[in-house]
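Me: I am new to reading pockets and cavities in a structure. Please take me through them.

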Amino acid sequence: MRPVRPVAVLGGVRIPFCRQNTAYTDVGNLGMSVRTLGALVEKFGLHGQQLGEVAMGAVIKHSSDWNLGREAALSSGLSPLTPGITLQRACGTSLDTIVHIANKIAVGQIEAGIGGGSDTTSDVPIVYGQKLRRRLLAAAAAKTPKDKLAAFKGFKLAELKPDFPGVAEPRTGKSMGEHCEDMAKEWNIARDSQDEWALSSHKKLAAAYERGFFDDLVVSFRGVSRDNNLRADSTLEKLASLKPAFDKTSGRGTLTAGNSTPLTDGASACLLATDEWAAAHGHEVLCHLRDAQVAAVDFVHGEGLLMAPTVAVAEMLARNNLTLQDFDFYEIHEAFAAQVLCTLRAWESEEYCRTRLGLPAAMGRIDPAKINPNGSSLAAGHPFAATGARIVAAAAKELKLRGGGRCLVSICTAGGMGVVAILER
Ligand SMILES: CC(=O)CC(=O)SCCNC(=O)CCNC(=O)[C@H](O)C(C)(C)COP(=O)(O)OP(=O)(O)OC[C@H]1O[C@@H](n2cnc3c(N)ncnc32)[C@H](O)[C@@H]1OP(=O)(O)O
């Protein structure tokens, strides 16, 4: 066995994230990925270079995108000898593509690679139902015009009704928002604390843009230079006035358009390498990816759909002999403000930590001022597969600016999973 090698994060870029049906309606995952990878190639002078792997992913994807990682790599300016792969773990996708690259570097299979992701809710595959699809396939396979016509015998106009992809769990039929409403009720997360969290995310993202934090992290695309979901002028009064978006009837709904992520389009990517490759190519190591972990919860039988990061973090910290307080800052993906607040409350709960996480005591409190220092998904938006690499790129830069430290990254995903990681400088 070769020894495990440290994995260096050299940096990342993304295009501005844009709300559904705004700036990126006619570009799709491949176009967004190509622009993002091209910008990364530009940033690190990788033109014509052969990397060990490009791993990309998308949650909502056309079959014409084929192997998105390879297709995007081929159009990125990298050497065509760079292989590419496409992975998917819902909102954890691009943290997972980064971990995929990191694992290959760690065990000595590659020296450098790119992990990223892209998603669109503006260019979704809308398909015909099974009946019409079978007819079309039969017609395509038919050898004679007569057989082609026969495939449509008994055709009904209703068969033209399209199927749209949904943001719903196949096993429960509930949307992410409906599941998170259940969690907010179980953990007694008040509406005003969700709104305050959302407002703070917008204020922090706006401030980070103002001080130039994103100048080398966000590249303009299609005439857009900032995330267009960002509302620096949002107020608690306006947020408080919004109606519940998912539980509209019980009178107890607390999740709204303001404290939930919007449907978003975007792409992001990060470059990882060994320390030696970074030095040989003249790149600074921003931080190292020390470890990562994935966990799942049994949401079908009552656990909160988006609570798996609580489990993944507990497992990862135990393996690394760290406590929840041993971090200088935290990057917790804000699928919904309530998701973050439920997670924090669970870590503070002695009962949850004992019974669910098998720990002797509560994991304890985190100082909220240390969470998401440059804003997060509520303000930037959340193109599912692009969020992980957005977070890693921003956290790596933050660690560099601070001159060192440790960051915990935590992302909840559909399917009741959580992907988490430790970054250190
Ligand atoms: C998938 C995974 O693996 C894990 C995860 O991350 S789970 C999360 C996945 N993401 C989702 O499920 C997306 C959830 N979001 C949605 O479905 C939709 O955004 C939503 C149903 C919540 C809202 O959709 P919508 O009603 O079309 O929102 P929208 O019209 O933009 O906004 C409604 C109002 O809120 C206002 N608003 C929104 N954000 C605001 C803010 N920050 N400040 C002030 N006002 C705001 C808008 O201005 C609008 O006001 P008016 O009615 O006065 O015009």
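Me: How do the residues of the lining of the second largest pocket divide into nonpolar, polar and charged?

Reply: Note that this is a predicted model, in which local features need pLDDT of at least 70, side-chain atom pairs count only at pLDDT 80 or more, and totals for chains, interfaces and linings use all residues. Residues are numbered from 1 along each chain as its sequence is written, and side-chain values use heavy atoms, with hydrogens and water left out. For the classes, Ala, Val, Leu, Ile, Met, Phe, Trp, Tyr, Cys and Pro count as nonpolar, Asp, Glu, Lys and Arg as charged, and the others, Gly among them, as polar. The lining of the second largest pocket has nine nonpolar, two polar and three charged residues.

Me: How is empty space found, and what is the volume of the second largest pocket?

Reply: Rolling a probe the size of a water molecule over the atoms shows where empty space is left. Here a 1 Å grid is laid over the protein atoms alone: a cavity is a set of points where a 1.4 Å probe fits but cannot get out, while a pocket is an open set with protein on both sides within 12 Å along at least five of seven lines; lining residues have an atom within 4 Å of a point. Points are joined across faces, edges and corners, and a volume is the space filled by probe spheres set on them. The second largest pocket holds about 230 Å³. It is lined by 14 residues, and N103, A106, L289, R290 and D291 are the closest to its centre.

Me: Which element gives the most to that lining of the second largest pocket?

Reply: Helices (H or I, at least four residues) and strands (E, at least two) are DSSP runs, numbered from the N terminus. β9 gives the most to the lining of the second largest pocket, with five residues; α3 (93–106) and β9 (287–296) each supply at least two.

Me: What is the volume of the largest pocket, and what lines it?

Reply: Its volume is about 1,000 Å³. The largest pocket has 48 lining residues, with V167, T261, P262, L263 and F384 nearest its centre. They divide into 26 nonpolar, 15 polar and seven charged.

Me: Where is the ligand?

Reply: A molecule sits in a cavity or pocket if more than half of its atoms lie within 2 Å of its grid points. The space taken by the ligand is the largest pocket. The ligand is surrounded by 27 residues, the closest being R19, C91, S234, H382 and A414 (near: a heavy atom within 4 Å).

Me: Which polar atoms lie by the ligand's oxygen atoms?

Reply: A polar contact is a pair of N or O atoms within 3.5 Å; within protein, one must be able to donate a hydrogen and the other to accept it, and residues adjacent in sequence count only if both atoms are side-chain atoms. A polar side-chain atom of R19 is 2.4 Å from a ligand oxygen, and one of H333 is 3.0 Å from a ligand oxygen. For C91, a polar backbone atom is 2.9 Å from an oxygen atom of the ligand.

Me: How many cavities of 30 Å³ or more are there?

Reply: The count is one. The largest cavity has a volume of about 40 Å³, and α14 gives the most to its lining, with four residues.
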